[in-house]
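Here is a short set of exercises to work through with the model open beside you. Try each task before you read its solution.

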Amino acid sequence: MSDTLKFDISGKTQLPTRMGFGDGLVIAGKNDPNVVALCADLTESTRMILFKKEFPDRFIQMGIYEQALVSISAGLALAGKVPFLSSYAMFSPGRSWDQVRTACLSKANIKIIGSHAGVSVGPDGATHQAIEDMAITRCIPDLIVINPCDSIEARKATVEAAKVVGPVYIRLAREKTPVMTSDDTPFAISKAQVVHDGKDAAIIACGPLLYQSLMAAEELAKEGIECRVVNNHTIKPMDEKTIIAAAKDCGAVVTVEEHQIAGGMGSAVAEILAQNDPVPMEFVGVHDQFGQSGQPNELLEFYGMGVKDVVKAVKAVIKRK
Amino acid sequence: MLDLTDKKVLAIEEAANTIREDIIQMLLAAGSGHSAGSLDMADVFAAFYFHILNHDPKNPDWADRDRLILSAGHICPVRYAAMARAGYFPVEELLTLRKFGSRLQGHPERMHLPGLETTSGPLGEGVAQAAGMAYAARLDGKSWRTYCVMGDGEQDCGIVWETLLFAGAYKLSNLTVIIDRNNIQIDGPTEKVMPLESLKAKYESFNWRVIEVGGHNIRQFVEAVEEAKATEDRPTCIIAHTIAGKGVDFMEYKFEWHGAVPNPEQAEKALKELRTLGGKIESE
C-alpha cells in the first residue's frame with residue numbers, strides 16, 4: 001500500500017503520552033485565548049503545570065472533586081470558554097460519568113483529559129488503573145474519544161481537540177513509552193493510519209500498545225506472516241473506511257488495546273465489521289479482570305497484552321480464516 | 001433595576017397566578033411531572049422574568065444577558081410557563097410539555113429550546129454549571145450575573161457541596177443561588193429523609209452570604225436579590241421559604257404532590273381556586 005506510514009520502532013526515545021498533552025495544551029492556549037485549564041489537584045502529574053506557568057490567569061485549581069470539575073467546565077464552555085479539565089481517567093470520566101453525559105447532552109465544548117489510564121499505571125494498583133474508560137465514553141453521543149499512541153501524537157491530538165467545537169475525551173498514560181511518530185507525521189481526528197502492511201491479518205491497535213503491535217508484526221514477518229498494522233487512535237467516531245478495508249484485504253482482524261475487552265476499541269471494531277464485512281476476530285486486552293500492583297511491563301504480560309500475546313492472537317485468527 | 005412600585009409587585013403577583021394556572025393545565029395535559037415545586041416557585045420565577053433578569057425574549061442568545069439556571073430541572077413547568085408568558089415562545093406550546101417532538105422536554109434541554117442556558121435534571125449539576133458560567137463572566141470582565149434555582153432535597157447531592165467549596169473559595173460574588181425551601185422531597189419531609197438544618201450555617205461556613213426570605217413575598221425576594229448584587233466579596237444564597245404546592249389548597253405542604261399530577265377533577269378544582277384567588281373573588 002503506497003500510503004503506509006513509517007513509524008519508528010527503535011524504542012530509542014521514550015516519553016509518556018501525558019507529556020505531549022502538556023506541550024499541546026500550551027500550544028492550544030497560544031492559539032486560542034478562550035482555552036482555560038482546570039485540574040483536580042494533579043497539576044504536576046497531568047502536566048497541566050506547563051499551561052499554569054504560561055497562563056496563570058487561565059488556570060483554575062479545583063481541589064479533589066471530579067463531578068463539579070466536569071460540570072463547572074461545562075458552565076465555562078456554555079459561556080464561551082474552551083475548558084480542558086484533567087484528572088486521572090479512573091476519576092474523570094470514571095467518577096464523573098453522569099456529569100460528562102449531561103454536558104454532552106448540552107453539546108458543551110469541554111475537553112476531558114484522563115491521565116494514568118491502563119494497567120501500566122503499575123504500583124498504584126487496581127483502584128487507579130482505568131481499564132473501562134473507553135467503554136463508558138464511547139457510548140455517549142457526540143463525545144469524541146481519542147487514545148494517542150505516543151507523546152507526539154498526544155500533543156497533536158490536544159491541539160486538534162481545542163479546534164473542534166464539541167466534547168472530546170483524550171486518554172493518556174503515566175509511563176514512558178516509545179515515541180514512534182515524528183513532528184512530520186500527519187494527524188487528523190478519525191483518520192486511522194496504516195503503519196505496516198501485509199495481507200495475512202490486520203492488527204488494529206490504539207494507544208501505546210501500537211508499539212507491541214508493530215513488534216509483533218516484525219516477529220511474525222520472520223515466520224512469513226505479513227500483517228497490516230493500523231494506528232486506530234480515534235475510538236469515536238471511528239475511521240470505518242480504513243477498518244473495513246483492513247478486514248476486506250486481510251480477512252482476519254486482531255484488536256489491541258490496554259482496556260477491558262468488553263466495550264472497548266475492539267468491541268467498536270467488531271460492531272463495524274459485523275455490519276459490513278464479518279471476518280474472524282481476536283481481541284487483545286484485559287479479560288474481565290481487575291488490575292493489581294506491579295511493574296508496568298510485568299502487568300502488561302500478566303494480563304495478556306505483551307508482544308507474544310499479539311503474535312498468538314494473530315496466529316489464532318489466521319487459523320479461523 | 002427599575003423601582004419596584006406596589007403596582008409592579010401586584011403585576012408580578014398576577015403573573016405568578018397565571019403561571020400557576022398554566023402549570024396545572026400543562027401537568028394535566030402531560031399526565032406526569034412535578035406539581036408541588038413547580039407551583040411553589042411561581043413567585044420567584046415571575047419575579048425573575050418580569051423584573052430581575054436583564055434579558056431579551058426576542059434575542060435569547062444575547063451575549064450580555066443574565067443567566068438563569070434551573071438546577072432542579074424537574075420543576076421546569078414553572079420555567080416554561082414563565083418563559084412563555086414573558087414572550088420566549090407561544091403560550092399554546094405549553095400544552096406540548098413532555099410530549100413526543102416537543103421543545104418542552106420533561107427536564108429542560110438546552111438544545112431543544114432557545115432561552116434555556118443548559119440541560120438540567122441530574123440534581124446538583126446545574127449549580128456547578130452556573131458556577132462555571134459565573135467564573136467565565138469574571139474572566140471576561142463581564143457584568144452579567146448568574147442565578148441558579150435549586151431544590152432543598154437537591155442539597156443532599158455531593159456535587160452541590162463541591163460547588164459551594166469552589167464558589168466560596170473563588171468568591172464568586174456574581175453568582176446567586178436560590179434554594180426552594182419547601183421542606184419536601186419525594187420520600188417525605190426533608191428533615192426526615194436526610195436532615196439539612198442548619199442550612200444557613202452550612203452555607204455560611206462555606207464562605208457564602210445567606211439571606212432568608214419568604215418565597216411568596218415578591219418584595220422581600222427582590223430586595224434579597226438586590227442585596228446579593230451589592231455583595232462583592234462572596235456568592236449569595238437566598239433561602240426562599242415556600243409552601244410546597246402553593247396556591248392549591250389540597251396540594252399545599254404535602255410531599256405526596258412532589259412527583260404527582262392532578263387528574264381532571266383535581267385540576268378543575270385547582271384552577272377554580274387559582275382563578276378565584278382562593279375564594280377572595282367570586283367570579284373566575
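Two strands count as paired if DSSP finds at least two bridges between them. Keep in mind throughout that this is a predicted model.

**Exercise 1. Find how strand 10 and strand 13 of chain A pair, and place them in their sheet.**

Step 1. Go to residues 201-205, which are strand 10 of chain A, and to residues 253-260, which are strand 13 of chain A. Four bridges link these two strands, and the pairing is parallel.

Step 2. Pick one bridge to check by eye: A:Ile204 has A:Thr255 of strand 13 as its bridge partner.

Step 3. Now widen the view. The strands belong to an open, mixed sheet of five with the order 9-11-10-13-14 in chain A. Its edges are strand 9 (193-196) and strand 14 (281-286), each of which pairs on one side only. From one strand to the next, the twist averages 25°.

Step 4. Add the helices. Helix 7 (residues 210-222) of chain A packs on this sheet and touches strands 9, 10, 11 and 13, with its direction at about 170° to that of strand 11 of chain A. Helix 11 (residues 307-319) of chain A lies across strands 10, 11, 13 and 14, at about 160° to strand 14 of chain A.

**Exercise 2. Work out the order of the seven-stranded sheet of chain A and look at the residues of strand 7 of chain A.**

Step 1. Read the order across the sheet: 3-2-4-5-7-6-12, open and with mixed pairing. Strand 3 (59-61) and strand 12 (234-236) of chain A are the edge strands. The twist here averages 20° between one strand and the next.

Step 2. Take the neighbours of strand 7. Strand 5 of chain A runs parallel to strand 7 of chain A, with four bridges joining them; A:Ile112 has A:Tyr169 as its partner. Strand 6 of chain A is also parallel to strand 7 of chain A, through three bridges, and A:Ile144 is partnered by A:Val168.

Step 3. Compare the pairing at the end of the order. Strand 6 and strand 12 of chain A are antiparallel over two bridges, and A:Val145 pairs with A:Lys236.

Step 4. Sort the side chains. In a regular strand they alternate between the two faces of the sheet. In strand 7 of chain A, A:Val168 and A:Ile170 point one way, while A:Tyr169 and A:Arg171 point the other way, and all are buried.

Step 5. Find the helix lying across strands 2, 4, 5 and 7 of chain A: helix 1 (residues 17-31), which runs at about 145° to strand 2 of chain A.

**Exercise 3. Describe how the two domains of chain A meet, and find the core between them.**

Step 1. Mark domain 1 (14-178) and domain 2 (193-319) of chain A. Their C-alpha centres are 25 Å apart.

Step 2. Look at the contact: 28 residues of domain 1 of chain A meet 29 residues of domain 2 of chain A. On the domain 1 side, helix 5 (133-138), strand 6 (144-146) and strand 8 (176-178) of chain A each give two or more residues. By class, that side has 14 nonpolar, eight polar and six charged residues.

Step 3. Turn to the largest nonpolar core, which has 202 residues, with A:Ile203, A:Val253, A:Val314 and B:Ala131 making the most contacts inside it. Both domains of chain A give residues to this core, so it lies between them.

Step 4. Zoom in on A:Ile203. Beyond its neighbours within four places in sequence, its contacts include A:Ala216, A:Val229, A:Val256 and A:Val314.

**Exercise 4. Which helices of chain A supply at least two residues each to the side that touches chain B, and is helix 4 of chain A largely enclosed or not?**

Step 1. The contact uses 21 residues of chain A and 23 residues of chain B. Helix 3 (66-78) and helix 4 (97-105) of chain A each supply at least two residues to the chain A side. Helix 3 of chain A gives the most, with nine residues.

Step 2. Split the chain A side by class: nine nonpolar, nine polar and three charged residues.

Step 3. Seven of the nine residues of helix 4 of chain A are buried, so the helix is largely enclosed by the rest of the structure. Among them are A:Gln99, A:Arg101 and A:Leu105.

Step 4. Look for the cover, which includes helix 3 and strand 5 of chain A along with helix 5 (125-139) of chain B. Just after helix 4 of chain A comes A:Lys107, with a positive phi near 50°.

Conventions. Residues are numbered from 1 along each chain as its sequence is written. Chains are lettered from A and ligands numbered from 1 in the order in which they are written. This is a predicted model: local features need pLDDT of at least 70, side-chain atom pairs count only at pLDDT 80 or more; totals for chains, interfaces and linings use all residues. Two residues are in contact if their C-beta atoms, placed from the backbone, lie within 7 Å. Ala, Val, Leu, Ile, Met, Phe, Trp, Tyr, Cys and Pro count as nonpolar, Asp, Glu, Lys and Arg as charged, and the others, Gly among them, as polar. Domain bounds come from an automatic or database domain assignment. Axes are lines fitted to C-alpha atoms, for helices over the stretch in contact, and angles run from 0 to 180 degrees between N-to-C directions. A nonpolar core is a set of buried Ala, Val, Leu, Ile, Met, Phe, Trp, Tyr and Cys residues joined through C-beta atoms within 7 Å. A residue is buried if 20 or more other C-beta atoms lie within 10 Å of its own, exposed if 12 or fewer, and partly exposed in between; C-beta atoms are placed from the backbone.
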